[in-house]
Amino acid sequence: MNGRFYITTPIYYPSDKLHIGHTYCTVATDAMARYKRLKGDEVMFLTGTDEHGQKIEDKAREAGVTPKQFVDNIVEGPRGVKDLWKLMDISYDRFIRTTDDYHVTAIQRIFKKMHDNGDIYKGTYKGKYCKPCESFWTESQLVDGKCPDCGREVTDAEEEAYFFRLSKYADKVQDLLENTDFLEPRSRVNEMVNNFIKPGLEDLCVSRTSFTWGIPVDFDPGHVVYVWVDALSNYITALGYMNDAHDDYEKFWPADVHFVGKEIVRFHSIIWPAMLMSLGEPLPKKVYGHGWLLLDGGKMSKSKGNVVDPYILAEKFGVDALRFFLLRTFPFGSDGNFSNEALIQTINVDLANDLGNLVSRTTAMVGKYFGGALPAGSGTWDAPTEPDKELIAMAGGLRDKYEAEMEAFQFQNALEEVFKVIQRANKYIDENAPWALAKDMDANGARLAHVMYNLLEATRICGVLLTPFMPGSMAKLFDQIGAPEAARTWDSAAKWGALPETVKPQKGENLFPRIDLDAAVKELEAAAEEARKAALPPIELEPQSPDYVDFDTFCKSDFRAVKVKACEHVKKSEKLLRFTLDDGTGTDRQILSGIAKWYEPEALVGKTLVAIVNLPPRKMMGLDSNGMLISAVHKEKGEEKLNLLIVSDEIPAGAKMC
Ligand code: MSP
């Protein structure tokens, strides 16, 4: 009997463009949703964006647009969230934006319901707040005085606020975590219980008054709902809970699984169940906390400038190869180190070498030896050899093994099982040496046809099970091996022999071309450098000094107009220019200045500049420097820029600047 399956990704903050780390969870969710659909389940796959909060308000202000315009651009605009999911072939059924009207109304009702039942009350918030994470912390939760999630500075906060009686649900939540399979992997349970519940679960501050970009508490103007209460509720409002926009709450809730990154497990496994308990609604069946994709051992983040752009990778290597890599390489529950080398090697070894070669060799041989179609009878053989038996047993038993791994969200293991069969099939080619059999078709034709059939059949079964991971490429693979629709189904994956005996494969385009590792890595590094530069602020200025200088001290600095009589490079120095200057005294003044990177000496001769002339003399490269030329400095895209102060030629040499 087919069932229903409701799966969600976290809803993403549209504060910056998404990177490959964000893509990871969505690709995993998509593979899971496609797998369940393949099995015949009715699936609801929800994703979306979490659009409120101070961070977004601040970013919008910086960008000079309204918060709504800001999020609209990142969600709906070019190369935005929706575009990215289209590119990555993400088959979501519903996309929720927390700025959608129906969600806003539902949140107000949810907040009111918890208020009316006494679980939300008014008090004063005093504590620490991490702005980037939009999280409140108690003193005891801080690590070295900093945010325990991101390690950044926290600020003191005190304001009138509403609180949710999280403490009331501490025992029930602890029981849920410790005595059920609600939270996986199991290792995350200890972390939650020991770090958050046992030290004492405090009531949670669930409204703010210090900014406005949030859902207003409708019965107390000035308060906006805490962004996590707003965000977590998306999983039910998107189904129509407390709103009329949708009507599948009864059908799909409780969710089968929420996939979430490990740093937001706390919200999903403690706050979310407590909120649902307060609302009197059923709890989701499972929360799965996956690991992070790391870059050089650290979490990717825009502010650290170490993000990997999924567009660049998908455009270069193909969407399916990228999807496959993410789930084949890293165990879903643990962290994994992303690298371009690992990506390319996975493509070359698994996809180009093992799978791609199996398909191209087999289809080419059927074309060459049988003119494109296998003869009747190719599906059976009276005296199966050991390799025949082994291949058929492995491929025939593959679906069950794969299913067990997929049900446990062990994508890497599920794919490992499939690739064992693909590798076995490649070995089977060598064991049977079709090219030798083909030398005497009268004697060996029937055997050769059977070998070909077995190869196509093993490939087909693997193709069905790889479809959730690489939907586009597997459709092409089926066309190439000549698998009819009925041989692409979940049922057919457990049936050896579903491929018609007189199958007509078509050798087609190379599904996964081999990649030149060195060249591709170089190109990617260059592209990443470009992207890093493009992401830098266009102009960066030195912050103004917060300290006063007293007037008398300032007046002691003697700035004068100076005219350049001669200018040349200082020998053996890449930086220094040597200036001979008329400073109005009648005696030449020599100043050395480290500006060779920005100026050709000849171009400065005759110019009127500004120098401070009462600095103590200094020796550089054995030469005296008597003063300093004044320049304006700033950074453009991270690069230092310098402009000498060149003033009007009408100013006589020696004129005092004051
Ligand atoms: N808006 C919240 C989620 C609310 S759900 C009710 C949020 N958004 S987020 O955009 O910051 O992150 C979304 C998801 O992306 C999180 O699950 C997070 O763990 C995941 N990832 C972000 N960077 C990641 C990696 N480098 N690796 C893997 N996943 C990571 O949190």
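Helices (H or I, at least four residues) and strands (E, at least two) in these legends are DSSP runs, numbered from the N terminus. The model shown here is predicted.

**Figure 1. Asp144, a loop residue with a positive phi.** Welcome to the first close-up. Asp144 belongs to the loop between strand S5 (135–137) and S6. Its phi is near 50°, a positive value in a residue other than glycine. What makes that worth a look? Most residues other than glycine have a negative phi. Is Asp144 buried or exposed? Asp144 counts as exposed, because its relative accessibility is 75% and the exposed class begins over 50%.

**Figure 2. Phe409, another residue with a positive phi.** Look for Phe409 in the loop between helix H16 (398–407) and helix H17 (411–432). Phi of Phe409 is near 60°, and this residue is not a glycine. Phe409 has a relative accessibility of 6%, so it counts as buried, the limit being under 20%.

**Figure 3. Two cis peptide bonds that lead into prolines.** The bond from Glu184 to Pro185 is cis, with omega near -10°. Pro185 sits in the loop between strand S7 (183–184) and helix H7 (187–197). A cis peptide bond also joins Trp253 and Pro254, and there omega is about 5°. To find Pro254, go to the loop between helix H10 (249–252) and strand S11 (257–261). As a rule, most peptide bonds are trans.

**Figure 4. The ligand and the residues around it.** How many residues surround the ligand? There are 24, and the closest are Ile11, Asp50, Gly261, Glu263 and Leu293. Take a moment to follow some of the polar atoms here. A nitrogen atom of the ligand lies 2.8 Å from a backbone N or O atom of Ile11. Tyr13 also takes part through its backbone, with a polar atom 3.0 Å from an oxygen atom of the ligand. Glu263 uses its side chain instead: one of its polar side-chain atoms is 2.8 Å from a ligand oxygen atom. Taken alone, the ligand exposes 660 Å², and the protein buries 95% of that.

**Figure 5. Arg94 and its polar partners.** Arg94 is in strand S3 (residues 94–97). Is this arginine buried or exposed? Arg94 is buried, because its relative accessible area is 16%, and buried means under 20%. Which side chains make polar contacts with the side chain of Arg94? One is His246, at 3.4 Å, and another is Asp248, at 2.8 Å. Beyond its close sequence neighbours, Arg94 touches several residues, including Met44, Phe45, Leu46, Ala238 and Leu239. The chain also brings Gly48 into this view: 46 residues separate Gly48 and Arg94 along the chain, while their C-alpha atoms are separated by 7.8 Å.

**Figure 6. Glu281, a buried acid without a salt bridge.** Glu281 is in the loop between helix H11 (265–279) and strand S12 (287–290). Which side chain of opposite charge is nearest to Glu281? That is Lys113, 4.4 Å away. Why is this pair not a salt bridge? Lys113 is 4.4 Å away, whereas a salt bridge needs the side-chain nitrogen within 4 Å of a carboxyl oxygen. Glu281 does have a polar partner, though: its side chain and that of Tyr249 are joined by a polar contact of 2.7 Å. Leaving aside neighbours within four places in sequence, Glu281 is in contact with Lys113, Tyr241, Tyr249 and Leu276.

**Figure 7. A salt bridge between distant parts of the chain, Lys168 and Asp119.** The closest N and O atoms of this pair are 2.7 Å apart. The partners are 49 residues apart: Lys168 is in the loop between strand S6 (155–164) and helix H6 (170–179), and Asp119 is in the loop between helix H5 (101–116) and strand S4 (120–130). Asp119 counts as buried because its relative accessibility is 2%.

**Figure 8. More salt bridges to explore.** The count for the model comes to 50 salt bridges. One of them joins Glu153 and Lys146, with the closest N and O atoms 3.8 Å apart. Glu153 counts as exposed at 57% relative accessibility, and Lys146 is partly exposed at 30%. Glu485 and Arg488 form another, at 3.6 Å between the closest N and O atoms. Here Glu485 counts as exposed at 58% relative accessibility, whereas Arg488 counts as buried at 18%. Finally, salt bridges that share partners join Glu51, Lys68, Asp72, Glu76, Lys82 and Arg97 into one network.

Key
Residues are numbered from 1 along each chain as its sequence is written. This is a predicted model: local features need pLDDT of at least 70, side-chain atom pairs count only at pLDDT 80 or more; totals for chains, interfaces and linings use all residues. Side-chain values use heavy atoms; hydrogens and water are left out. Buried means under 20% relative accessible area, exposed over 50%, partly exposed in between (1.4 Å probe, protein chains only). Lys and Arg count as positive and Asp and Glu as negative; His and the chain ends are not counted. A polar contact is a pair of N or O atoms within 3.5 Å; within protein, one must be able to donate a hydrogen and the other to accept it, and residues adjacent in sequence count only if both atoms are side-chain atoms. Contact means heavy atoms within 4.5 Å. A residue is near a molecule or strand if one of its heavy atoms lies within 4 Å of it. Accessible areas come from the Shrake-Rupley method with a 1.4 Å probe; for residues, only the protein chains shown count as cover.
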